[in-house]
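Colleague: I'd love a close look at one part of this model, the surroundings of the ligand. Please take me through it slowly, and add a word on the chain contact if you have time.

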Amino acid sequence: MSAIPHPESRSKALWFTASIIAFFLIWELVCRLFAVPPFILPPPSAAFLAMWTERELLFGKHLWVTTSEVILGLTASIICGVAVALAMSVSRPIERLFYPYVVISQTIPYMALSPIFIYWFGYSLTGKIAITILFIFFPIVVNTFDGLRAADSEMINLLRTMGATRRQIFLKAQIPAALPSFFSGLKVAATYSVSGAIIGEWLGASAGLGYFARRASGYFRADTMFATILLLVFMGVALFMLTSWLERRFTYQRSTKP
Amino acid sequence: MSKLVFSQVDFSYGEQRILQDFHLTIRQGEFVSIIGPSGVGKSTLFQLASGLLEPTGGTISLDGDAVKPRLGRVGYMPQKDLLMPWRTVAENAALPLEIQGVPKKAALARVREELPRFGLAAYADATIDKLSGGMRQRVSLLRAILTGADLLLLDEPFSALDGITRMEMQEWLLDLWQKLGKTVILITHDLDEAALLADRVLVLQRMPIQQPVEIPVPFPHPRSAALRYEPSFTVIREQMWKLLKEREQGTAVLYGVSDQQPAGWKAGGTA
Ligand SMILES: Nc1ncnc2c1ncn2[C@@H]1O[C@H](COP(=O)(O)OP(=O)(O)O)[C@@H](O)[C@H]1O
Ligand SMILES: [Mg+2]
């Protein structure tokens, strides 16, 4: 891949920037024209201003706490999720044993669990990571597993005629075939992981952006709350872009050049 | 010397019998075509030969040995090209060498030596989606050849190609076979192709496959594609056509009988 961005991706970025600017402008205009009370909907200028005045708490403390929850939760989910998917793909009994629970994990009403989570983990980092894992384990396991199964059985047979060992089949056919599916799961997981960490913080925390936004709304500081939410959105977008970049880096691309 | 021998081979998928007391001997350096209607078991025959499947009865010996596993000793070009979209042309062709433990760099160097002969010199680093159908087939064939195996099994290699490309590829394959001196078995459903390339054609008429009917093609090599217009070639094609027709008439008679059964025969008669 060349270092120069593809013209198409450059025009995409241009469109995106333009639409963001337009979005904030319209928001600002609506607030001013209709004189919306700032505790109902503050204009973006007020939110950015609050971001600046609260910068020390926001960037010095809470952003850092939430980021570490997200990164640790994501890392742990990838490791456990890929391990479970691998185990399920090599052994049918393991698949039968695990798969239902992977699905059941998605039906748990996390909010209802909050007392027990505080009981188990207190206000510690571990509790938030646990919630994040519950949130994103599923897309990672399911997508990785589907990807591993997607390897063409005829391709595997062809490798066998070449005298390939199981290990070689796994490395040369199954892993590369699973990567695109793994990455689409990871993209979903990366964006969900932010929500997971925030909900974890709502269940019980003394720091983090979710905690800070909730406290701000408790004090009717809508501008500070929106500042925090904007930051969370940036975080989600940044994670999504990072995983997209990894995807481009590690999976084959159908080239668009003639 | 016999390269591949099927003797008294039985094979079935569950209840469905594919081969029954089947005999076949392929000599070293021969080019043999196999022709037959689709679904008769041609690809299954290759899966047995390559070691992907084991016969339910009888023996298959490769290089005079019926015991040693056949996997890894035959160059198999499957019906679908099965190229890996995440690998380049050269990387795809290098696959069998990598499997044999050749270091990646050496494997790719070896591939690059071969690419010109396959008309792929300019495409070493191209991705698969840039290739035409004919080029994909050549990569797939190169990959089969690079297994180093002396026996090549080609399963309908040109069936997806247009007429002109197909004729070009046939001449090219014939030329390559003469230079390489390998043993080739080719499955096809094209009568001309079967006779043009091979020293003999095996006609598989119906399932289960028992003794195949064998038609020798006694034209000297090197042959050209123009051979197909010779009267003596036409005779051979006629022969094959008759054999395949015979099978159709056979089934037609069967249908004729069942058509005359009274209504409700099927429900009552097969229970
Ligand atoms: N893996 C399989 N399991 C069960 N039946 C199969 C399998 N593969 C092929 N068959 C059946 O065996 C018959 C022969 O298949 P195949 O060898 O692919 O035929 P051909 O290559 O001559 O078209 C077909 O009727 C097909 O449906
Ligand atoms: Mg077939």
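**Around ligand 1**

Modeller: By class, four nonpolar, six polar and one charged residues form the shell around ligand 1. Please keep in mind that this is a predicted model. The nonpolar members are Tyr13(B), Ile18(B), Pro37(B) and Val40(B). The charged one is Lys42(B), and the polar ones are Gln16(B), Ser38(B), Gly39(B), Gly41(B), Ser43(B) and Thr44(B).

Now let's place these residues on the fold. In chain B, strand E2 (16-27) and helix H1 (42-50) each give at least two residues to the shell. Gln16(B) and Ile18(B) fall within the range of E2. H1(B) makes the largest contribution, three residues, and these are Lys42(B), Ser43(B) and Thr44(B).

Three polar approaches are worth inspecting one by one. The side chain of Tyr13(B) has an N or O atom 3.3 Å from a nitrogen of ligand 1, so Tyr13(B) meets the 3.5 Å limit for a polar contact although it is classed as nonpolar. Gly39(B) uses its backbone instead, with an N or O atom 2.7 Å from a ligand oxygen. Ser43(B), on H1(B), brings a side-chain N or O atom to 2.8 Å from an oxygen of ligand 1. As for cover, ligand 1 on its own has 560 Å² of accessible area, and the protein covers 59% of that.

Now for the chain contact you mentioned. Chain A brings 20 residues to it and chain B brings 24. Together the two chains bury about 2100 Å², with carbon and sulfur atoms giving 66% of it. On the chain A side, Thr161(A), Met162(A) and Lys172(A) account for 31% of the area buried against chain B, more than any other three residues.

Lys172(A) comes up again in the charged pairing: its side chain forms a salt bridge with that of Glu98(B), at 2.9 Å from N to O. Two salt bridges are counted between the chains, along with four residue pairs in polar contact. Helix H7 (153-161) and helix H8 (166-203) are the elements of chain A that each give two or more residues to the side touching chain B. H7(A) has the largest share, seven residues. That side of chain A divides into nine nonpolar, five polar and six charged residues.

Methods. Residues are numbered from 1 along each chain as its sequence is written. Chains are lettered from A and ligands numbered from 1 in the order in which they are written. This is a predicted model: local features need pLDDT of at least 70, side-chain atom pairs count only at pLDDT 80 or more; totals for chains, interfaces and linings use all residues. Side-chain values use heavy atoms; hydrogens and water are left out. A residue is near a molecule or strand if one of its heavy atoms lies within 4 Å of it. A polar contact is a pair of N or O atoms within 3.5 Å; within protein, one must be able to donate a hydrogen and the other to accept it, and residues adjacent in sequence count only if both atoms are side-chain atoms. Accessible areas come from the Shrake-Rupley method with a 1.4 Å probe; for residues, only the protein chains shown count as cover. Helices (H or I, at least four residues) and strands (E, at least two) are DSSP runs, numbered from the N terminus. Contact means heavy atoms within 4.5 Å. Buried area is the accessible area (1.4 Å probe) that two parts lose on being put together, summed over both. A salt bridge is a side-chain nitrogen of Lys or Arg within 4 Å of a carboxyl oxygen of Asp or Glu.
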